[in-house]
Structure formats: structure tokens, C-alpha cells
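Me: I am new to this structure and would like a close look at a single part, followed outward to its surroundings. Please set the answer out as one connected account.

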Number of protein chains: 4
Amino acid sequence: MTKKIKATIIGASGYTGVELIRILLGHPDVEIFQLIAESNAGQPVGAIYPHLKFSDLPDLIKLDAADFSDIDVVFCCLPHATSQAIIKELPTHLKIIDLSADFRLKDIDTYKKWYGNEHAAPDLQKNAAYGLTEIFRDEVKNARIVACPGCYPTGSTLPLYPLIKAGLIETDDIIIDAKTGVTGAGRSVKQNFLYTEVNEGIKAYGVCNHRHMPEIEQSLSLAAGGEDVKINFTPQLAPMNRGILSTIYVKIADGKTIEDLRSHLEETYRNEAFVHISDSLPSTMDVFSTNHCIIGLAKGGSGKRAVLVSVIDNLTKGSSGQAVQNMNVMFGLEETTGIAYTAVFP
Amino acid sequence: MTKKIKATIIGASGYTGVELIRILLGHPDVEIFQLIAESNAGQPVGAIYPHLKFSDLPDLIKLDAADFSDIDVVFCCLPHATSQAIIKELPTHLKIIDLSADFRLKDIDTYKKWYGNEHAAPDLQKNAAYGLTEIFRDEVKNARIVACPGCYPTGSTLPLYPLIKAGLIETDDIIIDAKTGVTGAGRSVKQNFLYTEVNEGIKAYGVCNHRHMPEIEQSLSLAAGGEDVKINFTPQLAPMNRGILSTIYVKIADGKTIEDLRSHLEETYRNEAFVHISDSLPSTMDVFSTNHCIIGLAKGGSGKRAVLVSVIDNLTKGSSGQAVQNMNVMFGLEETTGIAYTAVFP
Amino acid sequence: MTKKIKATIIGASGYTGVELIRILLGHPDVEIFQLIAESNAGQPVGAIYPHLKFSDLPDLIKLDAADFSDIDVVFCCLPHATSQAIIKELPTHLKIIDLSADFRLKDIDTYKKWYGNEHAAPDLQKNAAYGLTEIFRDEVKNARIVACPGCYPTGSTLPLYPLIKAGLIETDDIIIDAKTGVTGAGRSVKQNFLYTEVNEGIKAYGVCNHRHMPEIEQSLSLAAGGEDVKINFTPQLAPMNRGILSTIYVKIADGKTIEDLRSHLEETYRNEAFVHISDSLPSTMDVFSTNHCIIGLAKGGSGKRAVLVSVIDNLTKGSSGQAVQNMNVMFGLEETTGIAYTAVFP
Amino acid sequence: MTKKIKATIIGASGYTGVELIRILLGHPDVEIFQLIAESNAGQPVGAIYPHLKFSDLPDLIKLDAADFSDIDVVFCCLPHATSQAIIKELPTHLKIIDLSADFRLKDIDTYKKWYGNEHAAPDLQKNAAYGLTEIFRDEVKNARIVACPGCYPTGSTLPLYPLIKAGLIETDDIIIDAKTGVTGAGRSVKQNFLYTEVNEGIKAYGVCNHRHMPEIEQSLSLAAGGEDVKINFTPQLAPMNRGILSTIYVKIADGKTIEDLRSHLEETYRNEAFVHISDSLPSTMDVFSTNHCIIGLAKGGSGKRAVLVSVIDNLTKGSSGQAVQNMNVMFGLEETTGIAYTAVFP
């Protein structure tokens, strides 16, 4: 038994923080050493999350009270714009896995346009790897800072990136119609996320105006060799706790067929533990509470369209699970360690 | 007080039948005279629907036992393929409102292709009006048989028909991404509609392979002046009882803007009681248990796309409510009589 | 057509207010004349409740701006403790239907004990009728102020009151295990009512410590001829929008049987439009969105216990529907006018 | 690394079977060797449970095709009455963990009364241990056949057994009001478990007439030293996938207090990994997908009542998780091996 990785979670009281705690408590090679949460500091985690009341965890503390000298890795689960200032000040011996949007966009102006503020750590931005593990594993391996992708970008980029890179689909007029569970909104206490305001209804929001759109476009442009790919992206809120279903309408490139798309995706992800190409259309249930992404394909009804359908759990593969997957890569562990869950079903 | 319209419901034990009962019990000008349901004949409705146990309703009877001599209107809520044979034999003095797919498709070959059987009443087919009331009110007014539209076609055609007819959008590459509540499957006892198999998940099914697709294409082709319009249509099952959200990606015609689309829709539906153009994006909750359709519009993110979002209650405007709306038109009543409900919220 | 009753709703922006709007919009004899909501004054109701965006309703105004000179009835949907001060100042020509707890408890000390504040209008307290219509119809008929019962008390008192009054059950050790949908919490924006904190879980709260307990005990003590009846009352939060299921464990009085209980309840409610004794156990679904209460009975497993199960919709019979029922009684209308809905199912 | 335990699951295609698969796939010391499911034999598990499509599992086979020579343990997940005949024929070298009701009731006549059939293996009945691990660990350790408790009995007996044994509560008039998620009904395809028939409603069923009642009474009678304890038991169906909340009304014994109850429960379960006494009232969410049971206590409102509230996940601690807990005990493993999950929340 080697020495355990010592981890600190900053922003431990949100849903991504608490999902990290769930995962790390079952991870054989990690010890949760410090839990930082400003507004709830001084309390045990169980005081704000009753399901953790009987787990063996350190109390929540303020950032000021944290000691990073013996820590190996920091998971930062803060809201965007607050991450960057804090990460800038962290000791350089730490490996940092940031779950916010702060280090995802390479272009500082694009960041400012979509998030509204001047970036506080543009230098670090350049060093950060974009932690969509299957696509950018090499960058992740050698990075000090990994920016974990947004939940929507994870579900959309996994099927689209290899197809664009291989020239199998056209890059204009890609349409992503995505549906998310309510945990995507975090634990923020807002009227529109009350049970009674969400239950038994489905609605679109932020059509082609969501901050995850430029993030997807950045990856797809990279796949297209630098061409500026623009998409249509509609996020929708569905009455369920977890899961993202992305229904993606693509145009098959001239001379290619849907079978070409399928076989290229199968080839790309053949040796991946977490990405699977299915011969049927997946439900978000199939990946509930897991780090998996399942992708199905169907023929379109007109023109040259194919329909790609991907599912992930937004809190796991879309956030904290992928964060641990990246940690495993950064520390040279088997990539599936501690995240090889089977879905809880039903 | 004039004489009440005497109504018979055939197929009264399914969800559309029982929704009709709910609506007609509150309709001031209709009397429910006979309820026909073969497999449950002999029982009170309350035996199979406890919420109707204390309502004043006739017992369920077999079709053989029905007497149509004094009846004015028949609502036929049978599965497709069974409606046509039965309707063919009904006395000619009856006005007939069919909620099945049997009389929706004008082309008998298209019917056969999608539904598998030879049509048993092709002659009646020609006389049937397509009961999307706002679009085909004149035909409905004079019809003996009205074929009520499918739930998906209702939600999609109301926004698309006028825009195509006015040449404001292109007719190629229309993409309809629709999400339905589980009542869309009726009361059929199948594993995939068990609570535990549906709850907390969302999934696509029948991508570009759903029987409502040719029905939508028929209407859009008509709007396009006979051009053969083909669409991409993805139906999806969401964990909720009622409601259809249709997210529709259209290409704005050259020289036109999204404001042109909006103002044309507003103009088209200005005097309609049940169709509304909203300045925000609607939720299915906003129309729960009502006969309303609300349409919102948003700019697309690339190319010439606009995004139309429509919501209906699949059992009401998408089925039994629109059936009563058509009945009102056929009998010269005020069109909103008995269906001017406010949504139950939350 | 007689002149319509002119109504004002104070506190129109909560769930009971908006449920009143739904009901009154369909009431043939009432006109909604003013909608008062301090914090949202100046806005149309549709701005805060999108499902009302296309209804014909007056804008929300402040209480200061209201004119009561031509008003017949005021529905007061404010939080407890705020109602009393406002109602005290209202013109005396008004009939007042209060949906808060302010005028429910006859004993001012009990009020203070459970609600914490000195009552601001103890004189009015004496004149208020307790609006459990079926039990206190005569008082309601002649009252200027009617205090509508709480949702839990409505579901529990309807089965218990007549059984105690007739001496058919013992008054010690009555156990009420109640489960409510989330609308019972109103539209208050609190973490524990977020979708993600309520969905897929059930929990007890306020065991034998809920403010509805003394209200139930007051009615049961009255039924018992003044004996001080004490109960065990456990409220529980279930993951659904509406509905209260009350499972009530009673001891059958010596020499009596469960058949005696059943026949007495049937006799008591034989001519009531809204209370029904069922031969099976009801689901909250059976009364969803209606003003009905259904009561079932089952034998206990030991001792002299019988189990009574009642269901209501907490927002309708448990609140706004019963308020309109009381209004109908106060104004001499047919008691079912405007509230004779059939349940929306499914 | 020691040799892995080789396991066969009989009845692998139901919810308890598939939950066992989930747990055993993550168990470090077990290998799933054979999966038996008569009606689906010949198919991969993924064909009937898409979430298992990408797991490494043997195909489903018929019992006839099974080879038990090299197997260590059999989990039997068949419906009651079918288990007994099959288990009777299994080779005697096998340890058997039965999840059905067949070996739970010690008294053969009671079995026949509640289940309707003559027991096919009364001799084995005597050897079977009742697998409520915390209470009967010693019997489990040495048993060849372990009968896993029903889900309701697990949630109720854990709080009640020690309190009765210690004489801290009275044994007459115990009232258990239990609420279960829908997985309690298994994957049986019945109308009343359709999504649309369960969603948004709560209802009681089988009041004091449920087959789990005699099972609870058997344990409580044993705790009472042989006195014949009778209870009131109301099972209720709540709209959620998993979880049982048991609200238990007990009478505190003379001279005792609720603090005595609490401290005795704390003492009893102090060293248990899976049973916890909480200072607040738990939600079923707190134990979702885990093997934990959390118990809270509250004062009653009248007489000598206390209210115990326990939560479990019916499929895990209430079934397959406890089965694995028993397996760990039977094979001398650390009792928490492979089942030390943290709840998935939200």
C-alpha cells in the first residue's frame, strides 16, 4: 500500500463538492484531508448534508484556516470568477483540479464576453489543461491545473469532437438540443428551482445564449483545425435530479454514411472505460450516478442529417467524476480507480 | 336553455376517453349518454378510474349494446386501425370526432406504409376534416367526420404552418425535437412505462421513425403549396404525466428576420382563444390541463436559425380538449365553451 | 343573470392566491376586481405566474391603492400574524374569508402559544366562523369573517368529528399520520424545498409539534362535548405537488364495530357534494385539483383499532376551494357553484 | 489476494437481482459466475437492463444449464413459493442466501395462512437463519441457508426489537405507518405500477393485511420472550423509486422516558457500521442506494407515545445489500466489504 493522496476540497458545500466527497470516500488511494466552505465553516458536513452525518469526515473550515503544506491535490468547486483569484494564491506544489468555468476558455476575451469580468489569472489560464479526459489525456497528464469541462460540453463534445476531426460531419449548422436534470443548477436557493416550480414541467432556457456554448465551440473549432465552428445550443430543464441527454443533429459529410460515423466512434472509444457506443438509444438512467457516457446514433428524416444521442450524469462524468478521472491520470493511477461504479437502477 | 347535445364515447376506458369525460362533465351543453368500452363493459367507470367513482356517469357498455338513434355526436377513442371499421358502420346522422390516427392521413398509401394495414374505409377518409381547429376551422365546421390531430403534430404544426405558408421560413431541414409526458403512451400496460422505468430518466425513441412524422409533413407540405416537405423529428419521453414541449429549429427565409416570424405568428393567432405568442419561453406547466398552446421564439446561434418553442397538454389540446373544441365548432357553439380552463399550477 | 360578486384577493401572489384566481376565473358569479400583493405590486400576475399571462386579470396593486367601496368579498391569503392586523382595518361592509391561521383558534392563549405573537384582533376572533363547511355550515352562513381551516385539519377533522360526536370512537390515543405534497409549503424560497432536496425522498417534520395540531384538537374537543382531546400528529413531506393523505388510527368504542363507523360516516355525508365514503382506500390522485374529500376505512391489526384514510387536495379543499365553498354559502349561492371539478387524471 | 467467492444469482432479472449485480460488481472478493433467469435465458443481461450493457457479465442461462460444482454461494431472488422447491434441490456444499419470503416464517402454518401454499421444504425451514444481520448475526454466521428479511420488516424491526427486548416499550398497540418507493413492487408489469398511475399520488394498500406483518410480529414476539405481539401495519406507496420511511408509534413503558429509548438504541447500535441513531428525523434520501438504516426519535403528543422514524433503501438494506452483508458474515469477511457506499445525493 502506497501513501495516500491527500486532498482538499474548496467549496465543499455545493453539489459538486458533495459528489466529490461521495466519490473520494470510496476511492482507495485518496484521503480527504480538508473541507473548505466559507459560509458553513465550523460545522460538520453532516449539519448541512444529513446523508453525510455518519461519515468520517473533517469539519468544514474557512480558507484562511487551511494548511496546504502536506496536501497533494486541491479540488476547487467554487462558482466561476471566484476560483481564479483563489487558485492564483495557492502554493505551487499543489496539483489543482478546478470544476468552475474559470480556466476552460483559452481566449481571455471570450471569457470576458461570456462571464463579464476581467480574468484575474490570465497567466495560469495558459497552463491549464482542458480536462475532457478521453480527448485531452496527454495534456491532463502533465498539467498542474486542470479545468474540468462543463456538464453540457462533456456530453456534446465526446460524440462531436472525433467526428469533426475525422471530417465525417459538416461543421456548419450543428444543432445540440440538451436536457438536464435539476442538479445542474447547484444548490442555489432560487424560486425557479423550487420543487413545485420544476416538477411536472419541462422548459427551455438560455437558447443559444448559455455560457457552455462558447466552450463547446472552442473544442469543436479545435477539432476542425482552427475553423471557427458555431453551433445552435438549446439547454432545457427536465424534472429529474441528474442526467443530461444531448440530442445532436449533424449533417453527414458528402460521401459518408451513418455507418462511417458509428464505426469511427467505436474505433475512437474502443479502449476507453467510460465512453460507449450503443446499438440502441440510451436513457439518462443508464448512466445515473456513474462516470460513463453512452452514445447512440440514428438516421435523420431528411437531407443528410444524422442524430447523435449522448447521455451522462451531469454531477459525475459531467463534473466530479471526471475530476477524479483527471486526478487519477495526473497521479499515474489506473484511470478507473474509485470511479468504476455500476449505475444505480432503478 | 337549449336542448343538450347527446354524446357517446367509444373507447371510454383509455386516457383520452377519461379526459373527454372530465371535460364533458363540465361542459354546459353536452350530456354524456353512453360510454362504450368492450373489455370493461358492465362495470361503472369508477371501477377502473377511482377518481370518477362519485361522478354521475352511465356504466360502461359494449358497442353491440349501444343505441345511437338519439345520439348527436360520437367521440371515438379507439386505437388506430380499429376506429375505421367501427366508424364505417355508424349511422349517418351522427357527427363523428375520431381521436385515432385513422382519418388523419389523406393518402391511403402513406397510411398503409406507416400503420401497416389496408385502410378499411378509404371513402370516408376523403370526407374527414383534419381537426387542427385554428388552421382548418372551415373544413371542421362542415364535416361529418373530424380526425383530431396527433399530440405531437398539434404542438408542431401550430407554429410551423403559418410561417411556411407565408414563406417566412425555409422548408428544408426543419428539425423538431419534441419531449412528451408519459400519458402520451396511453394506459397500455408495458414494462417500459412502469414508474420505475421512466422516473428520473429521459430518453429518445423512434427518431425520425414515428408515425406522427408523416402527419406533420402532410400539413407542412400543404402549407408549402404542395411541395413535399420532409422533416427531422425526434420524440422523447420525459418523466412527467402531461405536456409536450416542441423545440423547433427553422431557417429564416432570406431577407426575413425573427421579428418577422414573431409578428406573423402574432397576427395569425391574434383572435384565437387558445393559441398565444409569448415574449418568453413557455414551460409545459403553463398549459397543464388546459386547451392552450403557447409559442415562444428565440434567436439561433449560427446560420439563419431561429428556435420556436411550443407547449401543449398532450391530453387536452393534443387530444380530448381539441376534440371538444372541434365539437363546439361543428355544433355552432361558442368555441371556448366548456374548455376555457386555467392551468392547474403548481 | 344577477349582478356578479366583486372580489378582492389580498396576498394574491402565493400559491393559495393563485389557486383562488384559477377557481374564481371559472366561477360564473364572481368577478376578480382587485389583486393585492405588496412585493409584486405594479406587475401583471403573468409576470410572476406565466400560466396566467394570457388570462384577463387586473394588475397587482398595493393594499394602500385598493378601493373596497364597491367590493363584496375579500379573500385574505396572507401569512399568519399579518392577516389579523389588516383584516381589523377593513371596511365593515365586506365579507371576509381568511385563509391564514389567524382566526382559526378560538382561544387567544393557545394562539399565542403556537404562533408566538399577541393576537392583534381578539375581538374579531370571537365573530369568526371556522370554515370547515360541512361541519360548521350554519356558522359560516351568518358570519362576516370566516377562517378557513388548515389543510391538515381539513383532511383529519372531516372523518374524525362525526365519529367522536357520535361516541363511536375513543378520544384518547388518536394517531394521525399525514403526508402532504410540497405546495403545502407555499412559494417560500427555502433550501429544503428545492426540487433536488425534495424529489425522490420522504421525511417527517414537526412531529407532534405542528401548528395544525391544536387546530385539530380544538375541533375534536368540541366534538367530544368539551373534553380536552389530545392527539398524536405526524406531518410528512412527500415528493408530489399536491395532495394530503391522512392515515388515522382510532380505537373503536366498546360495543361498536367498523361497520358502525362506516355507516355513520355515510349517513353524515350522504347529502354532501364534496365528501364521499369509499369502499376502497383512496389515493390523493383521486381528488387532485378538486374540492373533494374521499374517506376509506380498514380494519386494524390488533386491539380495537380501525384505520381511516382520507384524501384531499391541500390547495383546493384544503385551502382555496373550501374558501370559495364558504363564499358560496355566505352569499346564498348553490354550494358547488364554480368548484364542481372532476379530478385531472393522470 | 485470496481466491474469490464464486457466486450464482438465481432470478437475476428482477430488481433485487439486478441490485445484487450492481453490488457484487463492486465487491472485491466476489466473482459473479452464473446468472440464471428462466424467461430471459440466452440473452445478455444488457438486453433487458440497458445500464448493464457495457458491464462484464455472463449471459443469462436457464437453471437446467447451471453448474454448481465450483460455486460457493447462491443468491436466490425468485418470487416466494418458487424459491423453496429450487433450494431444496441445490447441492449441499452451497451456502444459500434467499431473498424471497420462503424461509422467513418459522411457523409452517403461519406461512401457509399468509402465502397460501403448503411449504415444499419444511425441513430446510428449520435450518434457515433470519438474516437481519445486526440482530441475528450469530445465527447467520453458522447457517447454510439465510432468509433475508422483507424490506418493511427490516426498517421496522431494527428500531423495535431492542426496545421490546429491554422492556422499554409496551408491546400492545404498536402502530407502524410505512411508506415505500415503487421498486418495492419489483419489475412486475401491472397497470397500477405504470408511471402515470403512481406519479403525483400517495395511497395506502393492504392495511393490516400485508404479508410482511406476520414477519414483523414473529421478530417482535421473539424480542418479547415469546409473548404473541400483534401490530397495526399500514404500507403505503409513495411516488419515488426507492426508500422506506417507517413511522412507528410506540407506548413508552411505565417509568421510562424517550431518553431511555434513545440511549438504549444508541448503545445497541454503537458498534454497528450500518445502523445509526440520529438527533434529527431522517429522510429516505439520506440512505438512498446504501446499506444504512437511520433511526430518529420524537416525543408523542398525547399519552405515553413516542414516535420512531426509520429509513432504509428497500433494495439495498431492505434486500440485496443486506444479502451481501450476510454473505460477508457467512464467509468471514469484514462485514462492510463491498457495501460501504455513501448515499447518492441528490
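Reply: The account below starts from one strand of chain A and then moves outward to the domains, the second sheet and the other chains. The model is a predicted one.

The part chosen is strand E4 of chain A, which comprises residues 73–76. Both of its faces are covered. On one side stand A:Val73 and A:Phe75, on the other A:Val74 and A:Cys76, and all four of these residues are buried. In a regular strand, side chains point alternately to one face of the sheet and to the other.

The strand has pairing partners along the chain. Strand E1 of chain A, residues 5–10, runs parallel to E4(A) and is joined to it by four bridges. Within this pairing, A:Phe75 of E4(A) has A:Ile9 opposite it. Strand E5 of chain A, residues 95–98, is likewise parallel to E4(A), and four bridges join the two. Here A:Val74 has A:Ile96 of E5(A) as its bridge partner. Pairing of this kind is made through backbone hydrogen bonds, and strands may run parallel or antiparallel. E4(A) and E5(A) also belong to a right-handed β-α-β unit, whose helix is H3 of chain A, residues 82–89.

The corresponding strand in another chain gives a further view. In chain C, strand E4 (73–76) is one of the elements against which the buried residues of helix H1 pack. The others are strand E1 (5–10), strand E2 (30–36), helix H2 (45–48) and helix H11 (316–330) of chain C. Helix H1 of chain C covers residues 15–25, and because 10 of its 11 residues are buried, it is largely enclosed by the rest of the structure. Among the buried residues of H1(C) are C:Val18, C:Leu20, C:Ile21, C:Ile23 and C:Leu24, together with C:Glu19 and C:Arg22.

Returning to chain A, the view may now be widened to the domains. Domain 1 consists of residues 5–149 + 318–330, and domain 2 of residues 152–314. Taken over C-alpha atoms, the centres of the two domains of chain A lie 24 Å apart. Where they touch, domain 1 contributes 18 residues and domain 2 contributes 21 residues. On the side of domain 1, helix H4 (108–115), helix H6 (133–142) and helix H11 (316–330) of chain A each give two or more residues. H11(A) provides the largest share, five residues. By class, this side of domain 1 has eight nonpolar, seven polar and three charged residues.

Chain A also holds an open sheet of seven strands with mixed pairing, in the order E9-E10-E8-E11-E14-E13-E12. Strand E9 (203–204) and strand E12 (275–277) of chain A are at its edges, and each has a single partner strand, so one side of each lacks a neighbour in the sheet. Inside the order, strand E8 (residues 174–180) and strand E10 (residues 231–237) of chain A run parallel and are joined by seven bridges. In this pair A:Ile176 faces A:Phe233 of E10(A).

The next step outward is the contact between chains A and B, to which each chain gives 45 residues. The elements of chain B that supply at least two residues to it include strand E8 (174–180), strand E11 (244–251) and strand E14 (305–312). E10(B) gives the most, with four residues. The side of chain B that touches chain A contains 22 nonpolar, 13 polar and 10 charged residues.

A turn of 180° with a shift of 0.0 Å along the axis lays chain B on chain A, at an RMSD of 0.0 Å. B:Pro239 has the C-alpha nearest the axis in chain B, 3.2 Å from it. Because 100% of the interface residues of chain B are also interface residues in chain A, the copies meet through the same surface.

Chain B also touches chain D, with 14 residues on each chain in contact. The side belonging to chain D has six nonpolar, five polar and three charged residues. Chain D is superposed on chain B by a rotation of 180° with 0.0 Å of shift along its axis, with an RMSD of 0.0 Å. This is the relation of a two-fold axis. Here too, 100% of the interface residues of chain D are interface residues in chain B, so these copies meet through the same surface.

Key
Residues are numbered from 1 along each chain as its sequence is written. Chains are lettered from A and ligands numbered from 1 in the order in which they are written. This is a predicted model: local features need pLDDT of at least 70, side-chain atom pairs count only at pLDDT 80 or more; totals for chains, interfaces and linings use all residues. A residue is buried if 20 or more other C-beta atoms lie within 10 Å of its own, exposed if 12 or fewer, and partly exposed in between; C-beta atoms are placed from the backbone. Two strands pair if DSSP finds at least two bridges between them. A crossover is right-handed if, with the strands pointing away from the viewer, the path from the first strand over the helix to the second runs clockwise. Domain bounds come from an automatic or database domain assignment. Two residues are in contact if their C-beta atoms, placed from the backbone, lie within 7 Å. Ala, Val, Leu, Ile, Met, Phe, Trp, Tyr, Cys and Pro count as nonpolar, Asp, Glu, Lys and Arg as charged, and the others, Gly among them, as polar. Copies are superposed by least squares on the C-alpha atoms of residues with pLDDT of at least 70 in both.
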